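Please explain this structure to a reader who is meeting it for the first time. A formal account in running paragraphs is wanted.

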Amino acid sequence: MTPTSASKIYCPSLTEYQRRLSREVKIGDVPMGGLNPIRVQSMTTVDTMDTLGSVEQTLRMVEAGCEYVRITAPSVKEAQNLLEIKKELRKRGCHVPLIADIHFTPNAAELAARIVEKVRVNPGNYADKKKFDIIEYTDASYQDEVNRIRERFRPLVQICKQYGTAMRIGTNHGSLSDRILSRYGDTPLGMVESALEFLRLCEEENYYDVVLSMKASNTQVMVQAYRLLVQKLDEEGLQPYPLHLGVTEAGEAEDGRIKSAVGIGTLLEDGLGDTVRVSLTEAPEAEAPVAKALIDRYTHRAAEAKPMAAVTEVPIDPFQYHRRVTREVLNMGGQNVPRVMVDISRLVSVEYADLRAVGHLYSAFLDKFQMNDLGADYLYSGQRPVPFMLPNGLKEVVDYSAWLDAGHRPDHFPVLTQAEYAVAAARHPELNFVFHNLASLTSAALQQLREDSTAVVILYTDNAHAMPEIRRAFFELINNGVTNPVIINRQYPELTPEQTQLYAATDVGGLLLDGLGDGVVLSTELLPERPKEEWLQNIDQLNQLSFGILQAARTRMSKTEYISCPSCGRTLFDLQETTAMIRKRTDHLKGVKIGIMGCIVNGPGEMADADYGYVGVGKGKIALYRGQEVIKKSVPEAQAVDQLIELMREDGRWIEPVLLEEPVGV
């Protein structure tokens, strides 16, 4: 059953940038929600019992831009030491609000709530349990369990109310309790219900200083859960509580930033979110600048955005992934994975070795190409066709005038402006690309597309409110029965590589999460007089970014995925070093997902849909998982990576890495 348009509303507007007006929550001297700016936060990685280490790291985090600092309190002794950390910070003139992070231990939460400005509880493990058991509940027995948990939670609510302490009810996809999983399954609805059970008790106690989060490592699940949460709050007449946005276990480096932007940026585009935490497997002070860069994009968005017609009919389900139905054109649309097109049109001359930048490596010794996992599908060469035969698996797109001048070559596919397409007599018999934006999708243009089984749309915008305008154009196509495949085109004229990475991941990823888009082409502008090496580096970065966005949105898995937590005071080994070591040994395993978790709290549950898991269970001891089943319980750390590889070998998932030959002259 498809939800009605009225039941699909989860944000103030799908076309006009508006922040959701949430309830203001006091957190020390830095309020969240309401008309306040979107706040930046992160979490310490030092052992909470190391008072001075925690203080020094907190000061570095504040210097980097953190407005709240979260510290783990896995037991009563750590909760008690939060007082010493707070005293030392205040003594040094730092008044940043502190947040205690609690799992499993209600007594630690009740103590911490008397000390810090905010506590975070996870409803999946606060007073519930997870043993991966499927339990048959009657309505009565289920309600008995809910009542038991509520009574265990009630004292914390009363303490928070008494001390003026805020609370985050933070659901994590990977740590849903057996009870929730048994009734709702591993779903966004289960995540939302897990939080609402706790939230309803807060409201019964007239306690409203609550922040909510719906975190997941899977960006599709994460975005769907936040949207559903907002819709459910409104449906039940509950308060519009502030939202804490985050993607759990995003990973490190470029992959972690892309994945965070796909999830967090998609929600920010629709005005959702009151605080952001980017979870990277790096030092916490590296997280704040990324969060700030995501947030700062929306400071002037409302003033910069061009108006567009409102959406009257929502043709997609925002709470469940369904890929837009399209006809197949050559190798695009239908059941094909989304394709990557790379713009090389500004290169004055192209040589064999230059195709390395798009994932096709030429060996002069063998006189042949090898394609790596990030080999582009299409090259756009514009007015300068490549002067040699391209390798298998790589197709060329040229401007329509260049296609005509070259004599309608069958191995070139033309790209036409909308005006050219409207009157073109000559077209390629298999595949023709046509540029469109929202304004050009007139009734006549839509009719022409419907009747052309060779047309693929390249959809672009110059609106600052870019993702929503392209989404609006997709809605126009769907509502008018146009099933041609669509390439999403985004151009970023004057941005740093870091901004391009975050903005493209948001703009393209936000569409892919809703099943919109059959490919991507990204471009930036460099000054024409730049050296060729800089152009090739730029092309290489955009090619890798395109594949990274497709992977982060779970629409094309082209490389190994690492689900690694960002480290905290509970971590039992050096996460950055270990993640780098595992990546070095396994990053050739296309499509395999490996969870790397610092402790059992972020263990089999948090890595959710990983194929294999590497989890700290004690000092120098690692547990290895296949899915959510522990296979080896206490492996010495020095042997753990070898045994992980051996486990993959047993499953037939291991392949030996192949060294691609370096092209001559590179």
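The expected span of a helix is 1.5 Å times one less than its number of residues. The model considered here is a predicted one, and helix H6, residues 188-204, offers a case to which this rule can be applied. With 17 residues at 1.5 Å a residue, H6 should span 24 Å, and its end C-alpha atoms are indeed 24 Å apart, so the two values agree. Of these 17 residues, 14 are buried, and H6 is therefore largely enclosed by the rest of the structure. Just after the helix, Asn206 adopts a positive phi of about 55 degrees.

The surroundings of H6 lead to the nonpolar interior. In soluble globular proteins, nonpolar side chains tend to be buried together. The largest nonpolar core here has 154 residues, of which Phe153, Leu156 and Met167 touch the most other members. Leaving aside residues up to four places away in sequence, Phe153 touches Val121, Tyr126, Met167, Phe198, Leu201 and Cys202. Another core lies apart from the largest one; it has 19 residues, including Tyr562, Ile582, Leu624 and Leu647.

Cysteines deserve separate attention. A disulfide is a covalent bond between the sulfur atoms of two cysteines. In the whole structure, a search finds 0 disulfides. The sulfur of Cys66 has its closest cysteine sulfur in Cys94, at 10 Å, which is too far for a bond. Cys66 is buried, because its relative accessible area is 4%, and buried means under 20%. Cys202 is likewise in no disulfide, the nearest cysteine sulfur being that of Cys160, 8.1 Å away. At 0% relative accessibility, Cys202 also counts as buried.

The account now turns to a sheet. Strands of a sheet pair through backbone hydrogen bonds, either parallel or antiparallel. Here 5 strands form an open sheet in the order E19-E20-E21-E22-E23, with mixed pairing. Strand E19 (561-564) and strand E23 (629-636) stand at the edges; each has a single partner strand, so one side of each is left without a neighbour in the sheet. From one strand to the next, the twist averages 20 degrees.

At one of these edges, strand E22 (residues 621-626) is joined to E23 by 5 bridges, and the two run antiparallel. Within this pair, Tyr625 stands opposite Val630 in E23. Helix H17, residues 575-586, lies across E19, strand E20 (593-597) and strand E21 (612-618). The helix runs at about 160 degrees to E20.

Terms used
Residues numbered from 1 in each chain as written. Predicted model: local features only at pLDDT ≥ 70, side-chain atom pairs only at ≥ 80, totals over all residues. Heavy atoms only, no water. Pairing = 2+ DSSP bridges. Helix = DSSP H or I, 4+ residues; strand = E, 2+ residues; numbered from the N terminus. Axes fitted to C-alpha atoms, helices over the stretch in contact; angles between N-to-C directions. Contact = heavy atoms within 4.5 Å. Disulfide = S-S within 2.5 Å. Buried < 20%, exposed > 50% of the residue type's maximum accessible area, 1.4 Å probe, protein only. Core = buried A, V, L, I, M, F, W, Y, C linked by side-chain atoms within 4.5 Å.
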